[in-house]
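Notebook open, coffee poured. I wanted to go through the sheets, the loops and the ligand site of this model, one at a time.

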Amino acid sequence: MSNELTLPKPSGAAAGSGDPLLTIKGVQKHFPVMDGFLFKRQVGAVHAVDGVDLEVFPSESVGLVGESGCGKSTLGRLVTRLLEPTGGEIRYNGQDITHAGRKELAPIRSEIQMIFQDPYSSLNPRHTVGSIIGAPMEINGINPKGGIQRRVQELLETVGLNPEHYNRFPHEFSGGQRQRIGVARALSLSPKLIVADEPVSALDVSIQAQVVNLLQDLQRELGIAFLFIAHDLSVVRHFSQRVAVMYLGKIVEIADRRSLYESPRHPYTHALLSAVPEADPDDDRERIRLVGDVPSPLNPPSGCRFRTRCWKAQEKCATEEPPLIQLSGNSAGHLTACHFPEDGNAAVVPDQRAEV
Ligand SMILES: Nc1ncnc2c1ncn2[C@@H]1O[C@H](COP(=O)(O)OP(=O)(O)O)[C@@H](O)[C@H]1O
Ligand code: SF4
Ligand SMILES: [Mg+2]
């Protein structure tokens, strides 16, 4: 990888120490649902993100995991302020950007970048990769030393592509290569935080590891913080120092990687973990099969939102929302939202759904 990039190096402080780069508190995004032909009126709201607290520290990678429809992309778009929250607070480097307008966001926009899931639709097919990667610099009036073309070529090299290919079009590249182009574009403004929204989900399994490795190199060598969104726990396992598990608009468990994978306390985390294939052929873990789909965020279940699919649900789960807290026996920073948590040994779990 090229050493010529002018991206910030980690300050020497370990990830997770010092002040957070990103702080979100009680963040909500409720999409209004309108009805009526002539006179539109709001008849409900999609509770896509419903009170999320999260911090990301400089140079740290935080994984955000949950099934499809849990609100992960919406949260990613709130963080990058492509969407405006309907509640809560977002701070970047201490600055409140919750409702910041275009002008206030301008300097921050370059520091927070997003990589999207679909490398096919996120690149304009009529533009050369050179103009795609160079566009953020042109839009922001940045003229790097040696010119934009040289910088584009450096970036191509950084992401493992041939710098001679800057005049080619997206269709001339494979899926994995296109995602590398998306990564180069995200790097062009020397970001401090990248929100990667399922960046490898659309790629061949054989290619996924290569792209994850590239992102991991960037995180380590350039000191970029990541919010890495994935729908299962296998992808973030080797990439993220901390992992947050999201269910129906809320974080239900968050912990450092080791604590989460070795002693999951939330039944949903346990279920997601049991879907992760193990390399060990003698693996005799009890498998949990999640029944049904994520319920509609238009009308989330009362109390604990996971209760309609939870095999441990009891009456309390329907009436009281479990707070996200540190349970006894858990390491610092390992928070779980469950009234009847797992024992942390990921042991015997019946394969059935409880009626509440
Ligand atoms: N612009 C929107 N308007 C209305 N509902 C939306 C909008 N964007 C997302 N949603 C809904 O919000 C919920 C969460 O979506 P999303 O954030 O894409 O979840 P995920 O990325 O975890 O699959 C889904 O039910 C989705 O249909
Ligand atoms: S609070 Fe109840 S329903 Fe929710 S995860 Fe815990 S046991 Fe299951
Ligand atoms: Mg998504």
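I started in β5, where the bridge partner of Tyr92 is Gln95. Before going on, a note to self: this is a predicted model, where local features need pLDDT of at least 70, side-chain atom pairs count only at pLDDT 80 or more, and totals for chains, interfaces and linings use all residues. Residues are numbered from 1 along each chain as its sequence is written, chains are lettered from A and ligands numbered from 1 in the order in which they are written, and side-chain values use heavy atoms, with hydrogens and water left out.

**The β4–β5 hairpin**

I took helices (H or I, at least four residues) and strands (E, at least two) as DSSP runs, numbered from the N terminus. Strands count as paired if DSSP finds at least two bridges between them. β4 (residues 87-92) and β5 pair antiparallel over two bridges. Besides the Tyr92 pair, I found Arg91 opposite Asp96 of β5. What does phi do at Asn93 in this hairpin? It is positive, near 55°, and the hairpin has two residues between its strands. Asn93 sits in the loop between β4 and β5.

**The four-stranded sheet**

I then followed the hairpin into its sheet, an open one with the order β2-β1-β4-β5 and antiparallel pairing. Its edges are β2 (41-56) and β5 (95-96), each pairing on one side only. β1 and β4 are antiparallel too, joined by five bridges. Arg91 turned up again here, with Thr23 standing opposite this β4 residue. Which strands does α1 lie across? Helix α1 (residues 72-79) lies across β1 (22-35), β2 and β4, and runs at about 115° to β1. For such angles, axes are lines fitted to C-alpha atoms, for helices over the stretch in contact (heavy atoms within 4.5 Å); the angles run from 0 to 180 degrees between N-to-C directions.

**The seven-stranded sheet**

Next I traced an open sheet of seven strands, ordered β6-β7-β8-β3-β9-β10-β11, with mixed pairing. Its edge strands, each paired on one side only, are β6 (112-115) and β11 (335-336). β3 (residues 61-65) and β8 (residues 225-230) run parallel, with five bridges between them. Val62 has Leu227 as its bridge partner in β8. Helix α6 packs on this sheet, touching β3, β6 and β8, with its direction at about 155° to that of β8.

I also checked the loop between β7 (193-197) and α6 (205-222), where Glu198 is found. Glu198 has a positive phi of about 45°, although it is not a glycine.

**Ligand 2**

Which residues are closest to ligand 2? I noted Cys304, Cys310, Cys317, Cys338 and His339, out of 13 residues that surround the ligand (a heavy atom within 4 Å counts as near). By class, the shell has nine nonpolar, two polar and two charged residues.

Methods. Ala, Val, Leu, Ile, Met, Phe, Trp, Tyr, Cys and Pro count as nonpolar, Asp, Glu, Lys and Arg as charged, and the others, Gly among them, as polar.
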